[in-house]
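Biologist: Let us go through some of the labels on this model. For each one, show me the value and the cut-off behind it.

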Amino acid sequence: MLASCEYLPQELFECYTESCEIYPVDDDEVPLDIKERDFNQHQFELDGWARWDMPSEDYYDTAQFPEDYTGYDGAEIWKFIHDRIGFHEDPMLVKDEYDADCWKADFNKAVSGLHAMVSAQVVRGMIEKLQDLGDLDPESYQWTDPLVEYERRLGAGGETPEAVENMYFTMMLLLSGVKAARERLLQDCDSGSMMGDDAEAIETVRAILTHPLLDDPNIDAASRRLKDHALQDTNNLWEARMRTRDLMRIMNCVQCNKCRFHGKISTLGLSTALQLTLGNQGTGCDVAKIKRVELAALVTTMGKFASGIELCYEMQTL
């Protein structure tokens, strides 16, 4: 959580609200077998899909510190992601950066979907703060009107007209990833190696894994499209892996600890979905090689997208 930014020169930003901060749980709250498993799965992979932080004694509770509207402005980070990590050089992308007939457009679409999900969580956090506080102090919060922010960030006439469509696309990739890892996840539920002895969490995950939606063939539309495109250009898939590694490391430039924390989870969840779909040659990968933290991020990120899509549905029906 305390790694330094390696991508941008930055002035120190002090978040003016306590909602920016997160704190690790007490050491005795983390099952010893989970600690040992995470420590043993820290192997370095030069050309892997992710480059996450090494295991430490600090574990954080996403339920205790959920995504929130903190007042932090991450526009500089998102501009870097879209301009420098996204693909632009291919001539096909000049006409359509999200729906061109190539896997690089699919990658851009997935990253845009990630951005849309974060925007939805910001709007939801804004609504919840207004319900709790009555109004927002403009000295601490740059944006104070959730309807205006929804239209700017996610509306059809906003900054990215395809934002909600792209969020659905990325959600389908995550659903396909969870479906691909379902048997492994169910085994981990049975053994307790994923969540220790937290019976409530285990039953929640089990209910997700046995939900009929995961057996609906329509959820695989995004992963089929990505895989079909990737199989036409397998020699260059290293470019996708390089970018997902950078996508996670750019989160070290986020100067709001809660935002950084959830950003790292979400980017790792997306990279895991892409890894399960493509592997190294466009044909997928061995689920047994996926690390516990990757699977946890995948499921958690899917939950974030479900919440974001629900927010969009609520806003569209107002």
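**Labels and their reasons**

Modeller: One caution before we start: this is a predicted model. Let us take Leu130.

Biologist: Why is Leu130 called partly exposed?

Modeller: Its relative accessible area is 23%. Buried needs under 20% and exposed needs over 50%. Leu130 falls in between, so partly exposed is the label.

Biologist: Where does Leu130 lie, and what does Leu130 touch beyond four places away in sequence?

Modeller: Leu130 is part of helix H4. Outside that sequence window, Leu130 touches Asp135, Leu136, Thr144 and Pro146. Take Pro146: it is 16 residues from Leu130 along the chain, with 9.1 Å between the two C-alpha atoms.

Biologist: Stay with H4. What makes H4 and H6 roughly perpendicular?

Modeller: The crossing angle of the axes, roughly 105 degrees. The class roughly perpendicular spans 65 to 115 degrees. The angle is inside that range, so H4 and H6 are roughly perpendicular to each other. The axes of H4 (residues 103-133) and H6 (residues 163-180) come within 7 Å.

Biologist: Which residues make that contact?

Modeller: On H4, they include Asp106, Lys109, Leu114 and Met117. On H6, Glu165, Met167, Phe169 and Leu173 are among them. The contact residues divide into 8 nonpolar, 4 polar and 3 charged.

Biologist: Now the cysteines. How do you know that Cys5 and Cys253 form a disulfide?

Modeller: The S to S distance is 2.0 Å. The cut-off is within 2.5 Å, so the pair qualifies. A search of the whole structure finds 1 disulfide.

Biologist: Why is the disulfide of Cys5 and Cys253 called right-handed?

Modeller: Because the torsion about its S-S bond is about 75 degrees.

Biologist: Which parts of the chain does the pair link?

Modeller: Distant ones, 248 residues apart. Cys5 sits in the segment before helix H1 (32-40). Cys253 is in the loop between helix H10 (238-249) and helix H11 (257-278).

Biologist: Why does Cys253 count as buried?

Modeller: Its relative accessibility is 0%. Buried means under 20%, so Cys253 meets the test.

Biologist: What rules out a bond between Cys312 and Cys259?

Modeller: Distance. Cys259 holds the closest cysteine sulfur to that of Cys312, and the gap is 18 Å. A disulfide needs within 2.5 Å, so this is too far for a bond.

Biologist: Are Cys312 and Cys259 buried or partly exposed?

Modeller: Cys312 has 2% relative accessible area, under the 20% limit, so Cys312 is buried. Cys259 has 24%, between 20% and 50%, so Cys259 is partly exposed.

Terms used. Residues are numbered from 1 along each chain as its sequence is written. This is a predicted model: local features need pLDDT of at least 70, side-chain atom pairs count only at pLDDT 80 or more; totals for chains, interfaces and linings use all residues. Side-chain values use heavy atoms; hydrogens and water are left out. Axes are lines fitted to C-alpha atoms, for helices over the stretch in contact, and angles run from 0 to 180 degrees between N-to-C directions. Helices (H or I, at least four residues) and strands (E, at least two) are DSSP runs, numbered from the N terminus. Angles under 35 degrees count as roughly parallel, over 145 as roughly antiparallel, 65 to 115 as roughly perpendicular and the rest as oblique. Contact means heavy atoms within 4.5 Å. Ala, Val, Leu, Ile, Met, Phe, Trp, Tyr, Cys and Pro count as nonpolar, Asp, Glu, Lys and Arg as charged, and the others, Gly among them, as polar. Buried means under 20% relative accessible area, exposed over 50%, partly exposed in between (1.4 Å probe, protein chains only).
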